[in-house]
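Here are a few exercises to work through with the model open beside you. Take them one at a time, and try each before reading its solution.

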Amino acid sequence: MFWFDKEHPAAVYMDCRELETELCDGRKLVIRPDVVGDFRAMPFADCSFRLVVFDPPHLRWCGEGSWMKAKYGQLNRETWQDDLRRGFAECFRVLVPHGVLVFKWNERQVKINDVLKLAPVAPLFGQRAGKTHWLVFMKGGQE
Ligand SMILES: C[S@@+](CC[C@H](N)C(=O)[O-])C[C@H]1O[C@@H](n2cnc3c(N)ncnc32)[C@H](O)[C@@H]1O
């Protein structure tokens with residue numbers, strides 16, 4: 001949703017699902033990733049990307065048929081911490097040395113500080129807009 005050019009030739013979109021539906025306000029929701037895959041075990045070789053954007057689901061609770069669930073997906077209530085820990089580890093694995101990870105999180109239900117405990121390193125900087133955080137990490141940028 002946040003890419004200015006949604007057809008940018010350098011972007012590889014990955015999601016675990018494909019979906020085409022209509023939201024309650026009549027807008028179309030199309031989730032058509034280039035790669036269907038799991039962020040806990042990404043189908044990419046080590047050191048494949050200079051830039052990774054990790055935008056996992058942030059909701060632990062949402063209505064079964066809600067537009068929020070359709071649009072953002074939902075965390076697994078039992079395993080979300082381990083899932084995100086594995087997701088972060090995979091982001092760093094597929095980044096080249098000194099590659100950049102941009103992480104987006106909305107802390108409506110889970111505080112950003114609880115999520116940052118799951119990342120292998122601390123972010124370098126970031127920006128907060130309301131409850132949404134954009135954080136920037138670098139692989140090997142801590143030394
Ligand atoms: C916040 S949305 C991402 C929205 C996307 N950045 C955009 O702008 O359109 C989170 C997405 O993560 C996906 N997801 C949930 N668990 C996943 C997993 N284990 N691996 C890959 N994608 C997953 C959901 O299907 C959902 O579409």
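**Exercise 1.** Which residues does C91 touch, not counting residues up to four places away in sequence?

*Solution.* Before starting, note that this is a predicted model, in which local features need pLDDT of at least 70, side-chain atom pairs count only at pLDDT 80 or more, and totals for chains, interfaces and linings use all residues. Residues are numbered from 1 along each chain as its sequence is written.
- Step 1: use the contact rule, which asks for C-beta atoms, placed from the backbone, within 7 Å.
- Step 2: leave out residues up to four places away in sequence; C91 then touches V52, F54 and L101.

**Exercise 2.** Place C91 in the largest nonpolar core and find which elements give two or more residues to this core.

*Solution.*
- Step 1: a nonpolar core is a set of buried Ala, Val, Leu, Ile, Met, Phe, Trp, Tyr and Cys residues joined through C-beta atoms within 7 Å. Buried means 20 or more other C-beta atoms within 10 Å of a residue's own, exposed means 12 or fewer, and partly exposed lies in between.
- Step 2: the largest such core has 14 residues, and C91, L101, F103 and F137 have the most contacts inside it.
- Step 3: α2, β6 (95–106) and β8 each give two or more residues to this core. Helices (H or I, at least four residues) and strands (E, at least two) are DSSP runs numbered from the N terminus.

**Exercise 3.** Work out the strand order of the four-stranded open sheet and explain why β5 and β7 each have one side without a neighbour.

*Solution.*
- Step 1: two strands pair if DSSP finds at least two bridges between them.
- Step 2: the order is β5-β6-β8-β7, with mixed pairing.
- Step 3: β5 (49–54) and β7 (125–129) stand at the edges with a single partner strand each, so one side of each has no neighbour in the sheet.
- Step 4: β7 and β8 (residues 132–138) run antiparallel and are joined by five bridges; F125, for one, has V136 in β8 as its bridge partner.

**Exercise 4.** Describe the hairpin formed by β2 and β3.

*Solution.*
- Step 1: β2 (residues 19–22) and β3 (residues 28–31) run antiparallel, joined by four bridges.
- Step 2: L19 has I31 in β3 as its bridge partner.
- Step 3: five residues lie between the two strands, and G26 in the turn has a positive phi of about 90°.

**Exercise 5.** Is T79 buried or exposed?

*Solution.*
- Step 1: locate T79 in the loop between α1 (67–72) and α2 (80–94).
- Step 2: T79 has 12 other C-beta atoms within 10 Å, so T79 is exposed.

Definitions and conventions:
Contact = placed C-beta atoms within 7 Å.
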